[in-house]
Amino acid sequence: MSQVTESVDVDVPIKVAYGQWTQFESFPEFMEGVESVTQVTDTRSHWKVEVGGVTREFDTEISEQHPEERVAWTTVDGDLKQAGVVTFHKLSDTTTRVTIQMDWAPEGLAEKAGALLGVDDRRVKGDARRFKEFIESRGMPTGGWEGDVPRD
């Protein structure tokens, strides 16, 4: 398993940062390699991504979600295994720290080589930076879901 953690401070209130992060279908706008995310249910999404030059599809299930605090997920089906959690920390009324932690199992030679070379780490860092630019330029989320998913 590979793991990466990245934090970014965004100059928007916690409600705005959290609200945007729950809009999974907007992820292709700021996440490298994410071709599409389709919300299937309130807690399940279908992803199509490009990893190491290979297109992969998988489904994720939200395992825990608490408004303006955290969103955790894991893959439940498909050809990519990953899990992650994003936490939101209010630094001030207008600034939020967003921390992304992801675990995944690289498959195949290209993905394993990429993990060894830190490609995945750079991708998550870039995604965090692009999220900051995306949400700060908008100033408001494209939508938001305030549902609560307790941990099993």
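# Exercises on a predicted fold

Ser-26 is buried, at a relative accessible area of 7% (buried means under 20%, exposed over 50%, partly exposed in between, with a 1.4 Å probe and protein chains only). The model is predicted: local features need pLDDT of at least 70, side-chain atom pairs count only at pLDDT 80 or more, and totals for chains, interfaces and linings use all residues. Residues are numbered from 1 along each chain as its sequence is written, and side-chain values use heavy atoms, with hydrogens and water left out.

## Exercise 1: Ser-26

Place Ser-26 in the fold and list what Ser-26 touches, not counting residues up to four places away in sequence.

*Solution.*
- Step 1. Find the element. Ser-26 sits in the loop between H1 and E2. Helices (H or I, at least four residues) and strands (E, at least two) are DSSP runs, numbered from the N terminus.
- Step 2. List the partners. With residues up to four places away set aside, Ser-26 touches Gln-20 and Thr-142. Contact means heavy atoms within 4.5 Å.
- Step 3. Check one partner. Gln-20 belongs to H1 and is buried.

## Exercise 2: the sheet and helix H1

Give the strand order of the open sheet, then place H1 on the strands.

*Solution.*
- Step 1. Read the order. Seven strands run E1-E7-E6-E5-E4-E3-E2, with antiparallel pairing. Two strands pair if DSSP finds at least two bridges between them.
- Step 2. Find the edges. E1 and E2 each pair on one side only.
- Step 3. Add the twist. From one strand to the next it averages 20°.
- Step 4. Zoom in on one pair. E3 and strand E4 (residues 54-66) pair over eight bridges in the antiparallel sense. Val-51 stands opposite Val-54 in E4.
- Step 5. Lay the helix down. H1 lies across E1, E4, strand E5 (70-78), E6 and strand E7 (95-105), and runs at about 165° to E6. Axes are lines fitted to C-alpha atoms, for helices over the stretch in contact, and angles run from 0 to 180 degrees between N-to-C directions.
- Step 6. Check the cover. Seven of the eight residues of H1 (residues 14-21) are buried.

## Exercise 3: salt bridges on helix H3

Trace the network of salt bridges that includes Lys-132. Then find the partner of Glu-32.

*Solution.*
- Step 1. Set the rule. A salt bridge is a side-chain nitrogen of Lys or Arg within 4 Å of a carboxyl oxygen of Asp or Glu. The whole structure has 11.
- Step 2. Take the long-range link. Lys-132 bridges to Asp-11, with the closest N and O atoms 4.0 Å apart. Lys-132 is in helix H3 (residues 119-138), Asp-11 is in the loop between strand E1 (2-10) and H1, and the two are 121 residues apart.
- Step 3. Take the local link. Glu-136 and Lys-132 meet at 2.7 Å, N to O. Both lie in helix H3, four residues apart, about one turn of the helix. An α-helix has 3.6 residues a turn, so residues three or four places apart point the same way.
- Step 4. Join them. Asp-11, Lys-132 and Glu-136 form a network of salt bridges.
- Step 5. Check exposure. Lys-132 is partly exposed, because its relative accessibility is 23%. Glu-136 is partly exposed too, at 29%.
- Step 6. Turn to Glu-32. Glu-32 forms a salt bridge with Arg-130, with the closest N and O atoms 3.8 Å apart. Glu-32 is in the loop between H1 and strand E2 (34-39), Arg-130 is in helix H3, and 98 residues separate them. Glu-32 is partly exposed at 42% relative accessibility, and Arg-130 is partly exposed at 22%.

## Exercise 4: two aromatic pairs

Classify the ring pair Tyr-18 and Phe-88, then the pair Phe-30 and Phe-134.

*Solution.*
- Step 1. Set the rule. Rings of Phe, Tyr and Trp (its six-membered ring) pair if their centres lie within 6.5 Å; planes under 30 degrees apart count as stacked, over 60 as edge-to-face and the rest as tilted. The structure holds 10 aromatic pairs.
- Step 2. Classify Tyr-18 and Phe-88. Their ring centres are 5.4 Å apart and their planes stand at 80°, so the pair is edge-to-face. Tyr-18 is in helix H1 and Phe-88 in strand E6 (residues 81-92), 70 residues apart. Tyr-18 is buried at 0% relative accessibility. Phe-88 is buried, with a relative accessible area of 4%.
- Step 3. Classify Phe-30 and Phe-134. This pair is tilted: 5.4 Å centre to centre, 40° between the planes. Phe-30 is in the loop between H1 and E2, Phe-134 is in helix H3, and they are 104 residues apart. Both Phe-30 and Phe-134 are buried.
- Step 4. Widen the view. Phe-30 and Phe-134 belong to one aromatic cluster, which also includes Trp-21, Phe-24 and Trp-47.
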